[in-house]
Amino acid sequence: MTGRAMDPLPAAAVRAAAEVEADEEADPRAADSPTPQIIERRDLDPSRMQMPQGNPLLLSYTLQELLARDTVQVELIPEKKGLFLKHVEYEVSSQRFKSSVYRRYNDFVVFHEMLLHKFPYRMVPALPPKRVLGADREFIEGRRRALKRFINLVARHPPFSEDAILKLFLSFSGSDVQNKLKEAAQCVGDEFMNCKLATRAKDFLPADIQTQFAMSRELIRNIYNSFYKLRDRAERMAARAIDNAADLLIFGKELSALGSDTTPLPSWATLHLSTWGSLKQALKGLSVEFALLADKAAQQGKQEENDVVEKLNLFLDLLQSYKDLCERHEKGVLHKHQRALHKYGLMKRQMMSAAVQNREPESVEQLESRIVEQENVIQTMELRNYFSLYCLHQETQLIHVYLPLTSHILGAFVNSQIQGHKEMSKVWDDLKPKLTCLFAGPQSALTPPRSPQDGMCPH
């Protein structure tokens with residue numbers, strides 16, 4: 001992910017969005033964007049249309065309601081053939097559907113494609129990258145975490161969570177899940193074709209929708225940049241805790257090795273005192289406490305990875321999907337509308353030229369038919385443009401519904417620090433009395449360790 005800025009809409013694009021948009025032709029600049037299907041709306045099955053109650057533009061969800069929709073676990077199930085790892089399967093378990101199915105990465109890819117096909121005007125989170133040559137365990141684990149974030153964002157997204165392809169992906173246990181997903185998604189049109197209010201989306205939009213859109217993009221760009229930096233620092237703190245655990249463990253092992261040294265010591269060097277033997281015995285016992293300290297530090301690092309870093313990554317994935325949606329709107333819907341108008345203008349000029357040149361009636365009628373067809377395309381794409389803005393308005397609200405996740409993240413971070421320091425402090429306190437064995441005073445009396453303020457010189 002990158003933190004590049006989201007520029008405001010160009011003036012030309014704003015004016016174009018206020019009019020109409022369209023074109024069925026593929027656009028090289030929007031090759032990654034789904035191509036909306038242009039189908040006559042009268043052919044739709046009215047039973048698939050739903051008219052929301054109240055003001056359909058406004059969302060009334062809370063963060064807790066979204067999080068309660070479902071919790072999906074994604075666990076690794078590596079399949080080995082011979083000595084090499086051929087591919088990785090994931091066990092995907094849904095609380096909502098009480099299901100557990102096995103999925104491969106390519107299954108996620110097809111599911112992602114079908115989501116974009118059915119919901120081109122919604123925030124569809126991106127998938128992690130495909131496996132590269134020589135992928136190690138760290139890469140595989142990172143991709144598992146990313147897939148888990150992806151499927152949970154999808155399962156909690158209001159339109160996605162009620163769609164049949166989500167249930168199919170989370171509960172179908174057959175071997176041909178990819179074909180089932182394609183059949184389920186392609187047998188009907190996209191959301192525009194199945195939403196009864198799609199043709200009336202313009203009526204629900206505020207008059208200054210373009211200004212609001214530009215302001216929202218700028219705000220979310222700033223939020224994304226800040227959360228990106230927070231995630232970076234949280235990752236570093238969690239990594240330091242895990243590194244600290246490794247250092248403490250090695251420190252304790254070295255003390256134990258020192259205490260276990262069996263090299264004979266000449267009697268003239270010890271001056272007939274048992275100091276070295278007492279020290280070795282005490283050093284051997286300290287390794288247990290240092291191992292416990294290492295375990296506590298590792299637990300804190302892992303907890304911060306799971307409860308802080310992963311939640312920050314989840315929110316960043318959501319913000320990135322909003323940025324991608326904005327670019328899809330500009331490069332797809334708006335640009336195709338401009339191309340459609342340009343094509344329409346060419347046809348009109350050809351029509352005028354044909355009339356001046358007194359061409360045959362058949363050719364003129366064909367040109368008139370093409371112009372009427374292009375006008376229908378433009379009208380349909382105009383409706384799609386307003387529906388795209390309608391969806392963008394709702395997706396912006398959804399981002400703000402997720403904003404209280406910040407308090408969850410901060411709470412998890414603070415609790416992790418308090419718990420980690422409290423547990424480690426207890427171990428340090430238990431360890432301190434054992435250090436008295438390391439300090440022998442006059443006539444074998446034990447002297448507690450002195451604080452740094454006492455100075456380094458002996459009395």
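## Report on the predicted chain

In this predicted model, lysine 98 sits in the loop between strand 2 (84-94) and strand 3 (99-104). Although lysine 98 is not a glycine, its phi is positive, at about 50°. The relative accessibility of lysine 98 is 74%, and because exposed means over 50%, lysine 98 counts as exposed.

### The chain as a whole

The chain contains 14 helices and three strands. Of its 459 residues, 42% are buried. Among the contacts with a separation of 6 or more, 80% are made by residues 24 or more positions apart. The chain exposes about 25,500 Å², and carbon and sulfur atoms supply 55% of that area.

### Nonpolar cores

In soluble globular proteins, nonpolar side chains tend to be buried together. The largest nonpolar core in this model has 44 residues, and Phe315, Tyr322, Phe387 and Tyr390 touch the most other members. At least two residues of this core come from each of helix 2 (63-67), helix 8 (191-194), helix 10, helix 12, helix 13 (361-402) and helix 14 (405-431). Helix 12 gives the most to this core, namely eleven residues.

Which residues are in contact with phenylalanine 315, leaving aside its neighbours within four places in sequence? They are Ile223, Phe227, Ile399, Tyr402, Leu403 and Leu405. Apart from the largest core lies another core, of 32 residues, which includes Phe119, Val124, Ala155 and Leu181.

### The second largest pocket

The volume of the second largest pocket is about 770 Å³. Its lining consists of 24 residues, and those lying nearest the centre of the pocket are Gly142, Arg145, Ala146, Arg149 and Asn313. By residue class, the lining divides as follows.

| Class of lining residue | Number of residues |
|---|---|
| Nonpolar | eleven residues |
| Polar | three residues |
| Charged | ten residues |

Helix 4 (137-156), helix 10 (209-259) and helix 12 (275-356) each contribute at least two residues to the lining of this pocket. Which helix gives the most to the lining of the second largest pocket? Helix 4 does, with eight residues.

Helix 10 and helix 12 each supply at least two residues of the lining of the second largest pocket, and each also supplies at least two residues of the largest nonpolar core.

Definitions and conventions
Residues numbered from 1 in each chain as written. Predicted model: local features only at pLDDT ≥ 70, side-chain atom pairs only at ≥ 80, totals over all residues. Heavy atoms only, no water. Helix = DSSP H or I, 4+ residues; strand = E, 2+ residues; numbered from the N terminus. Buried < 20%, exposed > 50% of the residue type's maximum accessible area, 1.4 Å probe, protein only. Contact = heavy atoms within 4.5 Å. Areas by Shrake-Rupley, 256 points an atom, 1.4 Å probe, with all protein chains shown as cover. 1 Å grid on protein atoms, 1.4 Å probe; cavity = no way out; pocket = protein on both sides within 12 Å on 5 of 7 lines; lining within 4 Å. Points joined across faces, edges and corners; volume = space filled by probe spheres on them. Nonpolar A, V, L, I, M, F, W, Y, C, P; charged D, E, K, R; others polar. Core = buried A, V, L, I, M, F, W, Y, C linked by side-chain atoms within 4.5 Å.
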